[in-house]
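Colleague: I am new to this structure. Please take me closely through one part, the annotated binding site.

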Amino acid sequence: MVEIKTPEQIAKMRAAGLVVAEALKAAREAVAPGVTTGELNDIADAVIAKHGATSNFRADHGGLWFPGVICASVNEEVVHGIPGERVLKAGDLISIDCGAILDGWHGDAAITVAVGETAAENVMLSKVTEGSMWAGIAQMKKGNRLVDVSRAIEGFIRRQPLPPKGKWGITEGYGGHGIGTAMHMEPHVLNYVAGRGKGMKLVPGTVLAIEPMVSLGTPHTEVLADDWTVVTTDGTWASHWEHSVAVTEQGPLVLTAFDGGKAELAKLGVTAAPDPLG
């Protein structure tokens, strides 16, 4: 069952999304050589608490407890990296995923950040992943189908020039999801087209987390012994970007972007929906 939200509920999700946006902004600004992933976690934790919200990451997930309020995935780590004592080094690439619950509604978003100067192919990797996310978000329109989002994400990636020593690997087995009164809900959102199914029709009130994960090599991953950290099987570096997005009568509303997605969607010729919080 896909949860369809009322405009009033979307406004509440917007409030939760802004908490996530602020937590990620604070963590991004703190990224630097010598900083630990645990310190980034503490910074995001303080922002979430300041707003009277709680973490939807630091919880039991199907019998596995995640100890952080962020996932801190460095270099070949694709997603679900546990924050702790790891010290960031110049040239690293870190993906920071964060979520929050406010008034019973969930927000979820992720960014990839270079630690100081990094290799040009890593910069390309992050830009391609982020660009594919926005291509998918631009398809979050009334009347489109889920496959339109998946096709836009994959199509954007496939059209990009290949990095000098690699390729674009669209991570298999992981993707976006519905979000609302829980963090992970139906439907699953593939970052590529699989089979001939079109998926559900997007109607006003549909809210999805759009989150492509791309590597410089293989699409295949494995989970480390900590039961959480997902890494590429060939050791190539990866990037992860995510926003929570609502379909409205007026167009897509990016709940976890400060401007509701207006600037980036305008570049794609799409008008973002008005912010229900003004």
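Modeller: Here is the binding site, followed by a short look at what else the chain holds. This is a predicted model, where local features need pLDDT of at least 70, side-chain atom pairs count only at pLDDT 80 or more, and totals for chains, interfaces and linings use all residues. Residues are numbered from 1 along each chain as its sequence is written, and side-chain values use heavy atoms, with hydrogens and water left out.

Start with the record. An unreviewed UniProt entry lists Asp-97, Asp-108 and Glu-242 under "binding site". UniProt positions are given in the numbering used here, feature names are shortened, and annotations may be inferred rather than shown by experiment. The three residues are spread over 146 residues of sequence. Yet they cluster in space, with a largest C-alpha distance of 7.9 Å.

Take Asp-97. It sits in strand β5, residues 93-102. Strands (E, at least two residues) and helices (H or I, at least four) are DSSP runs, numbered from the N terminus. Asp-97 has 6% relative accessibility, so it counts as buried. Buried means under 20% relative accessible area, exposed over 50%, and partly exposed in between (1.4 Å probe, protein chains only). Contact means heavy atoms within 4.5 Å. Leaving aside neighbours within four places in sequence, the contacts of Asp-97 include Phe-57, Val-69, Cys-71 and His-240. Asp-108 and Glu-242 are also among them.

Now Glu-242. Its place is the loop between β14 (238-240) and β15 (243-248). At 1% relative accessibility, Glu-242 is buried. Beyond its neighbours within four places in sequence, Glu-242 touches Asp-97 and Asp-108, among others. Met-133, His-177 and Ile-210 are further contacts of Glu-242.

Next, the wider setting. The unreviewed UniProt entry places "domain: Peptidase M24" at residues 12-249. Over that stretch the chain is 27% helix and 27% strand. The end C-alpha atoms of residues 12-249 are 17 Å apart.

Some backbone details follow. Most residues other than glycine have a negative phi, and most peptide bonds are trans. His-80 has a positive phi of about 70° although it is not a glycine. His-80 lies in the loop between β4 (77-79) and β5. With a relative accessible area of 22%, His-80 is partly exposed. A cis peptide bond joins Glu-186 and Pro-187, with omega about 5°. Pro-187 belongs to strand β9, residues 185-189.
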